[in-house]
Amino acid sequence: MKLSICIPTYNFGQFIGETLESIVTQLEPEVEIVILDGGSTDDTEEVVKGFVTRHPAIKYVRQQFRGGIDRDMARVVDLARGDYCWLFSSDDIMRPGAMRRVLVEIASGMDIYLGGMTLCDRGMATIEEHPVLGSPWGSVFNLADTEERQRYFECAQTTVALFSFMGVIVIKRDRWQAHKLDEAYVGSCWAHVVRILGMMPDGLSVKYLGESLLRKRSDNDSFMDRGIVHRYAIAINGYNRIAGDIFGEDSLEARHIRRILADEFPPKFFLSAKLDCIRSGRLLDIKALNRLVQTTYRDRSLRNCLYLVTYRLLPARLYQLAKVVYKSMRLVLRRA
């Protein structure tokens with residue numbers, strides 16, 4: 001078996017049918033689809049079994065408990081048989097031709113192939129191409145080599161380059177299996193990142209494909225159940241922890257991780273979150289948000305200083321008014 005499409009899922013019955021349809025139309029020999037259902041309480045099982053009856057290449061395993069994304073991602077790879085595993089979300093859409101592209105690429109034997117993605121809204125209307133790596137398509141890096149790793153981190157534009165989003169990662173299964181799940185990171189959402197970065201001392205070759213492999217459904221984040229501030233904390237605190245644990249707080253890699261987080265979380269994100277907290281009366285969340293802002297912009301730079309000043313001095317309601325005015329002006333200009 002050359003390739004396993006590995007899909008952990010939980011209560012995505014509304015979307016997984018569209019996801020599977022985009023994959024089964026591209027199936028080739030030596031490709032399987034492995035789905036691990038973490039105890040869904042919606043119609044996920046019914047939807048998936050409808051595909052299983054028509055496509056024997058689909059393996060569906062249902063467990064009676066919710067393992068969480070860290071454990072479920074690890075287990076779905078355990079269930080796979082492919083030389084390579086393409087980790088895939090159960091609400092995204094594989095682009096036509098993407099599977100063929102991946103099958104051609106994996107013949108070169110790299111440890112990881114990192115693709116691009118197209119951001120869409122919840123209804124799958126295109127928003128934009130998501131930046132990943134400021135390096136030419138087809139670039140290859142050996143992250144075990146200090147200079148190449150630092151060059152890779154310098155090119156990284158978003159945390160997707162640091163393996164945050166599983167849907168664009170195609171990984172050699174035996175390399176993944178050789179590094180065990182780190183129990184200390186179970187529940188963080190980033191156990192897979194730690195597992196991948198843990199491969200570096202033994203050599204970790206990464207090829208950046210660049211080309212968009214999928215259409216990612218936004219506004220459907222299953223980790224938003226505890227609010228936007230908690231969701232931001234998962235990313236910000238999680239990647240700061242990874243930076244310190246794996247590279248050391250003062251390393252060049254850690255500084256680039258903090259630079260990327262500051263890029264991904266500009267003041268407008270935090271101001272919008274503060275306004276949401278004010279409207280809903282979640283004052284404790286504002287305190288947590290203030291700590292996240294301080295963490296995100298803590299490195300000394302002109303950009304971070306401006307970001308801190310903007311967040312601290314610009315009232316959230318004034319920011320909202322500015323957004324409304326800006327949108328109105330854009331609408332007027334479009335009609336002119």
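What is the handedness of the crossing of α10 and α12? Let me begin there, with the reminder that what we are looking at is a predicted model. The crossing of these two helices, α10 and α12, is right-handed. Their axes lie 9 Å apart and the packing angle is about 20°, and α10 and α12 are therefore roughly parallel to each other, given that angles under 35 degrees count as such. On the α10 side the contact is made by Pro267, Phe270, Leu271 and Lys274, and on the α12 side by Tyr307, Thr310 and Tyr311.

Staying with α10 for a moment, the buried residues of this helix are Pro267, Phe270, Leu271, Ala273, Lys274, Leu275 and Cys277, so that Pro267, Phe270, Leu271 and Lys274, which I named as contacts of α12, also belong to the buried set, each having under 20% relative accessible area. As for the length of α10, its 14 residues should span 20 Å at 1.5 Å a residue, and the end C-alpha atoms are indeed 20 Å apart, which agrees. After α10 comes Gly281, with a positive phi near 75°.

The other partner, α12, also packs with α9, where the axes come within 12 Å and cross at roughly 40°, which makes α9 oblique to α12. Here the crossing is left-handed, and the residues that meet are Arg259, Ala262 and Asp263 in α9 and Arg303, Asn304 and Tyr307 in α12. You will notice Tyr307 in this list, and you may recall Tyr307 from the contact with α10.

Within α9 I would also point to Ile260, which is buried, with a relative accessible area of 0%. If we leave aside its neighbours within four places in sequence, Ile260 is in contact with Ala156, Gln157, Thr158, Thr159 and Leu162. By way of contrast in position, the C-alpha atoms of Ile260 and Val76 are separated by 29 Å, with their places 184 residues apart along the chain.

Let me turn now to α11, which runs over residues 283–296 and reaches 20 Å from its first C-alpha to its last, close to the 20 Å expected for its 14 residues. Which residues of α11 are buried? They are Ile286, Leu289, Leu292, Val293 and Thr296, and because they cover an arc of only 115° around the axis, they sit on the same side of α11. As general background, an α-helix has 3.6 residues a turn, so residues three or four places apart point the same way. The face of α11 turned away from that buried side carries Leu284, Lys287 and Arg291, which are exposed.

What covers the buried residues of α11 includes four helices that we can pick out on the screen, namely α8 (228–247), α9 (252–264), α10 (267–280) and α12 (302–313). Taking α8 in particular, its axis and that of α11 come within 10 Å and cross at roughly 30°, which makes α8 roughly parallel to α11. The crossing of α8 and α11 is left-handed, and the contact is made by Val229, Tyr232, Ala233, Ile236, Asn237 and Asn240 of α8 together with Asp285, Ala288, Leu289, Leu292, Thr295 and Thr296 of α11.

Both α8 and α9 appear again when we look at α5, residues 146–155, in which Arg149, Tyr152, Phe153 and Cys155 are buried. Seen down the axis of α5, these buried residues fall within an arc of 160°, so they line one face of the helix. They pack against β6 (112–120), β8 (140–142), β10 (205–217), α8 and α9.

From the N-terminal part I would add Phe15, which has its place in helix α1, residues 13–24, and is buried, with a relative accessible area of 6%. Its C-alpha atom and that of Ser90 are separated by 6.9 Å, although the two residues are 75 places apart along the chain.

I will end with the backbone. Most residues other than glycine have a negative phi. Glu30, however, has a positive phi near 70°; this residue is found in the loop between α1 and β2 (31–37), and at 41% relative accessibility it counts as partly exposed. Cys189, likewise not a glycine, has a positive phi of about 80°. The place of Cys189 is in the loop between α6 (173–177) and α7 (191–197), and at 11% relative accessibility Cys189 counts as buried.

How values were computed: Residues are numbered from 1 along each chain as its sequence is written. This is a predicted model: local features need pLDDT of at least 70, side-chain atom pairs count only at pLDDT 80 or more; totals for chains, interfaces and linings use all residues. Side-chain values use heavy atoms; hydrogens and water are left out. The expected span of a helix is 1.5 Å times one less than its number of residues. Buried means under 20% relative accessible area, exposed over 50%, partly exposed in between (1.4 Å probe, protein chains only). The arc is that of the directions from the helix axis to the C-beta atoms. Contact means heavy atoms within 4.5 Å. Axes are lines fitted to C-alpha atoms, for helices over the stretch in contact, and angles run from 0 to 180 degrees between N-to-C directions. Angles under 35 degrees count as roughly parallel, over 145 as roughly antiparallel, 65 to 115 as roughly perpendicular and the rest as oblique. A crossing is left-handed if the near helix is turned anticlockwise from the far one by less than a right angle, and right-handed if clockwise.
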